Structures are given as C-alpha cells and as structure tokens.
Amino acid sequence: MRMEVQGERQGLGKRQVGWAGDPVEALGEEVMGRVMELLDARSVARCTAVSRAWRGVAADDRLWAPMCAELMAGKAHIPRLTLIRTGSKLSTYSMAIMDGKRSRITKEDLCDHAWEYHFTISDGCMGSGIMTTVSVYLASSDVVASNGTQGELMHASSWWQLKAAPEYWRNLDPSWKHTGPPMRRYFHPDGYHSADPHDAVWGGHECTYTVITSFVGDGRIREHYVRINRWPPLKVSRKDDWSWELSNHLYRYNSIPDADKKGCTGPLFPVW
C-alpha cells in the first residue's frame, strides 16, 4: 500500500512538472501570440520580462502595431518621436505613453499647433467687483487707447491688478457671446506670436513669447511656464487627449491641430 501511494505521489509529481513547463514551448509562438492579443498593453509588456522566448512573442511588432493605433486614436497630439523608424512598435508605444504624460512644453509643441483663445471664467466676471477692479486698472494705466484692445494697453504689468478680463474685451470675443468660433493664436519659430486678421482683441500689436523653465538642485523642474510679452505667465498643463493648455487668471490657450501643418507634433527626440 505504501508503494502504491508513493507511486501515485510520484505520478502526481510528474504531472505537476509537466504542467509547470513553458507555455511557449507547449503551445507554440503563434498560439501564445493569439493569447497575448487578449491582454492589455501593460500585461503584454510585463510578459517581455519572463524569458527570452516570451520576449520574442510579446515584443513582436504584429502584436504592438494595433495597440499603437488604438493608443493614438482620437489623440489631439501625436508625438513626432513616433516617426523614428529604427525602433520597434513596443518602444514606439512606450515613448508615446511617456510623451503623453510630459508636462514640459517645447517651442516645437507651441509652433506645431494652432491655439484657441478663451477668456477665463471666474467669479469676478459675474459680480460688480470686476468693474471696480477695472476702474482701478484704468486709473493706474498711463496709456489706454479709445477702443481698449490688448495691443494698445501699454502697461501690461498692470494686469496683475485685475481679477478677470474686462467686460469690453469679453464682448469682442465671438465665442464668449456664442456668435462665432473661438479666436486663434499662433506661435512661430522666430519667437513671434500672432493672431488671425481682424481679431478685435488682438489689436495687431507686436508680440513675442518665451518658454521659461527653472530647475532645483536634483534636476527636478521648479517652475515652468510660457510668457507672452509682459503679460501674466501662462501655466502649462496636459489633458487626457494629450492636448496642451496654457492658462492664467485672465485667459487660456487650448491647442488644436493646425490645418496648415500635417503629420505629428512636438520634438523629435524625448524631452522629459
């Protein structure tokens, strides 16, 4: 009886060893590839670390090409670094994910998009407090033209006194009054900043921009913003569709695809 039990145990042990074999060897690469097609991208990426055989299946471009297409579907910003031909689809997917989480904007990002311009909605716009604030600003400004456009307000630093954009500016914005599409702004490689013709808020003034980034001792970013002339800094943020937003307490810029520029956007090489 003891020998039979031992035999059963030995047989069970053998069966356990058989089931513990490598599924790639047991099922074949094609079947394992079909199985991995049912997994999410994170799980497939983890499979590449199991063994050399698993990596051969999990890193296959045929597996990652549709994942890359699914990842970038509906995205407002398709990273230019995905154009690098020497990398695998797995590396393209990884770099695209990292770039989509990037909060540091570059000149390429600014210039590759058109930007919708919106006034920031705040509590000050709804009450009488905004008019008092505007009166303080107008009294302190040395030069204000009769039509009150942005280009003719000579002392931009005085805008720090405002809680929100003046009502007469907001009334010049067709999207604010729901009578037309949002106004648009454009960044140029030479540092110039422009708007569409006949933009009443823009006023046709000369305008330049600068991307400001400062670091602390260990390389972490301390401050990062975009500065246009002497207007208040624009904080940089990202959205779920990988688009950009630049904003302050007066107005905001939202990136949209530029109809005159085809292809991907942003820097060619990673910037973290």
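**Group meeting: strands, cores and salt bridges in a predicted model**

Let me begin with strand S6, residues 234-238, which has two faces: Leu234, Val236 and Arg238 lie on the covered one, while Lys235 and Ser237 lie on the uncovered one. I should say at once that this is a predicted model.

What does S6 pair with? On one side there is strand S5, residues 221-228, which runs antiparallel to S6 and is joined to it by 2 bridges. Valine 226 stands opposite leucine 234 of S6, and leucine 234 belongs to the covered face. The two strands S5 and S6 form a hairpin with 5 residues between them, and in its turn asparagine 229 has a positive phi of about 50°.

S6 also pairs with strand S7, residues 244-247, again in the antiparallel sense, over 4 bridges. Here lysine 235, from the uncovered face of S6, has serine 247 in S7 as its bridge partner. The hairpin of S6 and S7 likewise has 5 residues between the strands, and tryptophan 242 takes a positive phi near 70° there.

I now turn to the wider setting. The protein has 10 helices and 8 strands. Of its 272 residues, 40% count as buried. Among contacts between residues at least 6 apart in sequence, 57% join residues at least 24 apart. The accessible surface comes to about 16000 Å², and carbon and sulfur atoms account for 54% of that area.

Next, the nonpolar interior. The largest nonpolar core has 25 residues, and Phe187, Leu246 and Tyr253 are those with the most contacts inside it. At least two residues of this core come from each of the following: helix H8 (107-112), strand S1 (113-119), S2, S5, S6, S7 and strand S8 (251-257). The largest share, 3 residues, is supplied by S1. A second, separate core has 20 residues, including Met32, Val44, Met72 and Trp242. Trp242 is the tryptophan with the positive phi that I mentioned in the hairpin of S6 and S7.

To return to the first core, which residues does tyrosine 253 touch, apart from its neighbours within four places in sequence? Its contacts are Trp115, Glu116, Tyr117, Arg185, Phe187, His193, Ile228, Leu234, Trp244, Glu245 and Leu246. Two names in that list, Phe187 and Leu246, appear together with Tyr253 among the residues with the most contacts inside the core. Leu234, also in the list, is from the covered face of S6.

Let me take two individual buried positions. Alanine 58 is in helix H5, residues 52-58. Is alanine 58 buried or exposed? Its relative accessible area is 0%, so alanine 58 is buried. Apart from neighbours within four places in sequence, alanine 58 is in contact with Met36, Val44, Cys47, Thr48, Leu63 and Trp64. Of these, Val44 is a member of the second core. Alanine 58 and glycine 33 are 25 residues apart in sequence, yet their C-alpha atoms are 7.1 Å apart in space.

Serine 175 lies in the loop between helix H10 (167-170) and strand S2 (183-187). Serine 175 counts as buried because its relative accessible area, 18%, is under the 20% cut-off. Leaving out neighbours within four places in sequence, its contacts are His118, Gly180, Pro181 and Pro182.

At the surface, Leu27, Val31 and Val35 make a nonpolar patch of about 230 Å². Leucine 27 is found in helix H2, residues 23-27, and at 47% relative accessibility it counts as partly exposed.

I close with charged pairs. The count comes to 8 salt bridges. One of them joins aspartate 60 to arginine 62, with the closest N and O atoms 3.0 Å apart. Aspartate 60 is partly exposed at 21% relative accessibility, whereas arginine 62 is exposed at 69%.

Which residues are linked in a network of salt bridges? They are Asp99, Arg102 and Asp109. Aspartate 99 meets arginine 102 with the closest N and O atoms 3.0 Å apart, and aspartate 109 meets arginine 102 at 2.8 Å. Aspartate 99 is buried at 1% relative accessibility, and arginine 102 is buried at 3%. Aspartate 109 is buried, too.

Conventions
Residues are numbered from 1 along each chain as its sequence is written. This is a predicted model: local features need pLDDT of at least 70, side-chain atom pairs count only at pLDDT 80 or more; totals for chains, interfaces and linings use all residues. Side-chain values use heavy atoms; hydrogens and water are left out. Buried means under 20% relative accessible area, exposed over 50%, partly exposed in between (1.4 Å probe, protein chains only). Contact means heavy atoms within 4.5 Å. Patches are made of residues with over 30% relative accessible area and no salt bridge: like charges are joined within 9 Å, nonpolar side chains (Val, Leu, Ile, Met, Phe, Trp, Tyr) within 5 Å. Accessible areas come from the Shrake-Rupley method with a 1.4 Å probe; for residues, only the protein chains shown count as cover. A salt bridge is a side-chain nitrogen of Lys or Arg within 4 Å of a carboxyl oxygen of Asp or Glu. Two strands pair if DSSP finds at least two bridges between them. A nonpolar core is a set of buried Ala, Val, Leu, Ile, Met, Phe, Trp, Tyr and Cys residues joined through side-chain atoms within 4.5 Å.
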